[in-house]
Amino acid sequence: MPGPIWRRPSRRATVIALATLTVAALAGGGVAYAAATQPAIKTSTPRSERQITNIDVLRQQIRNYYGDPLGTGVAASDSNYAKEAKSVEAQGEHFLADRHHVHGTKAIVLDVDDTTLLTWNYEIFSNWAYNPTTNATYVNNQMFPAVFGMVDLVRTAEREGYAIFYLTGRPTSQKEATLGNLTEDHIGVDAGFPKPTALSDGEDGLFTKPAVADYPDYLKTACAGDPNGSCTTIHYKSATRAHIESLGYDIVANFGDQFSDLEGGHADRTFKMPNPNYYLP
Ligand SMILES: [Mg+2]
């Protein structure tokens, strides 16, 4: 299996990185000790079981939300999930149609998993337990349909003159399959998105996450303080958007399903896609 342990870095890697974090060189003593491991997700502590949705009941609620009560892996186009996704589409299209005065070439940035490509089939297959090996099978076989409404949004934006950039935490080893799933290559699912726009410096407009050793200078600089110099999702994505803007583009809108897709600036406005299935800090 080509792509090793990388697609959703934050989910596993953050905990590991924190676990190995050491605090070195205390003033005077020079003693190093391991910092206490902290969970990657900061949240509240329920006082009672009654404040917690039973996890099997929650899975059923999510299946209902996707219009797939029996868990077949196919989300329904009239589901509440689809309605919420299409509502983001409508808000996005309204906003983009209105932006005439921008600095530079107007552009939009879109995340891939659960922003443009819908991974519901994999959530059902994996019973919400992400595994990089089985996930890579879905990615490399280009098995994901489009998120409801998003092909229309991106095609409309392209007609209106926006440059189209995709920015994903998927590793560079999955780049070709990602492009093939988003656009037309007659392998697996072709979701129907327009090709990414080539940038003024010749880059192809689909940004995947390189191995640390292959980082371009803008990632080396932005992520020097991250564990092992490996970018957090927020640093990887915000530094890439800054890089795009440095080439003369104005990122008018940034679309993502995770808050880590949207934090860190370098977009005039952010749009949050619905996704109750996982959380990537
Ligand atoms: Mg995503």
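Visitor: In this model, are aspartate 113 and aspartate 257 buried or exposed?
Guide: The model is predicted. Buried means under 20% relative accessible area. Aspartate 113 has a relative accessible area of 4%. Aspartate 257 falls in the class of aspartate 113, and that class is buried.

Visitor: Which residues coordinate the magnesium ion?
Guide: The donor distances run from 2.0 to 2.1 Å. Asp113 gives an O atom, while the other two residues each give an OD atom. The coordinating residues are Asp111, Asp113 and Asp257.

Visitor: What spacing do the donors of the magnesium ion follow along the chain?
Guide: Aspartate 113 sits in the loop between β3 (105-110) and α4 (120-126). Aspartate 257 sits in the loop between β6 (249-256) and α10 (259-262). These two are 144 residues apart and link distant parts of the chain. The spacing reads D-x1-D-x143-D.

Visitor: Which residue meets aspartate 113 in a salt bridge?
Guide: The N to O distance is 2.8 Å. The partner lies in strand β4 (residues 163-171), 57 residues from aspartate 113. It is buried, with a relative accessible area of 0%. The residue is arginine 170.

Visitor: Which residues are linked with Asp111 in a network of salt bridges?
Guide: Asp111 also coordinates the magnesium ion, through OD. In the network, Asp111 is joined by a lysine and an aspartate. They are Lys237 and Asp261.

Visitor: How many residues apart in sequence are the parts tied together by lysine 175 and aspartate 204?
Guide: Lysine 175 forms a salt bridge with aspartate 204, with the closest N and O atoms 2.8 Å apart. Lysine 175 lies in helix α7 (residues 175-182), and aspartate 204 in the loop between α7 and β5 (206-209). The pair therefore ties together parts separated in sequence by 29 residues.

Visitor: Why does lysine 175 count as partly exposed?
Guide: Partly exposed lies between the buried limit, under 20%, and the exposed limit, over 50%. Its salt-bridge partner aspartate 204 is partly exposed too, with a relative accessible area of 37%. Lysine 175 is partly exposed because its relative accessible area is 23%.

Visitor: How far apart are the closest N and O atoms of aspartate 98 and arginine 99?
Guide: The two residues form a salt bridge. A salt bridge needs the nitrogen within 4 Å of the carboxyl oxygen. Arginine 99 is partly exposed, at a relative accessible area of 30%. The closest N and O atoms are apart by 3.8 Å.

Visitor: Which cysteines does the disulfide join?
Guide: The count comes to one disulfide. Its S to S distance is 1.9 Å, and the cut-off is within 2.5 Å. The link is right-handed, with 95° about the S-S bond. Both partners are buried; they are cysteine 223 and cysteine 231.

Visitor: Which residues form the nonpolar patch on the surface?
Guide: Together they have about 310 Å² of accessible area. Tyrosine 279 lies in the segment after β7 (269-272). Tyrosine 279 counts as partly exposed, at 43% relative accessibility. The patch is made of Ile41, Phe259 and Tyr279.

Visitor: What share of the contacts with a separation of 6 or more comes from residues 24 or more positions apart?
Guide: The secondary structure of the protein comes to 10 helices and seven strands. Of its 281 residues, 45% count as buried. For those contacts, the share from residues 24 or more positions apart is 67%.

How values were computed:
Residues numbered from 1 in each chain as written. Predicted model: local features only at pLDDT ≥ 70, side-chain atom pairs only at ≥ 80, totals over all residues. Heavy atoms only, no water. Buried < 20%, exposed > 50% of the residue type's maximum accessible area, 1.4 Å probe, protein only. Patch = residues over 30% accessible without salt bridge, like charges linked within 9 Å, V, L, I, M, F, W, Y side chains within 5 Å. Areas by Shrake-Rupley, 256 points an atom, 1.4 Å probe, with all protein chains shown as cover. Salt bridge = Lys/Arg side-chain N within 4 Å of Asp/Glu carboxyl O. Helix = DSSP H or I, 4+ residues; strand = E, 2+ residues; numbered from the N terminus. Donors = N, O, S within 2.8 Å, 3.2 Å for Na, K, Ca; no water. Contact = heavy atoms within 4.5 Å.
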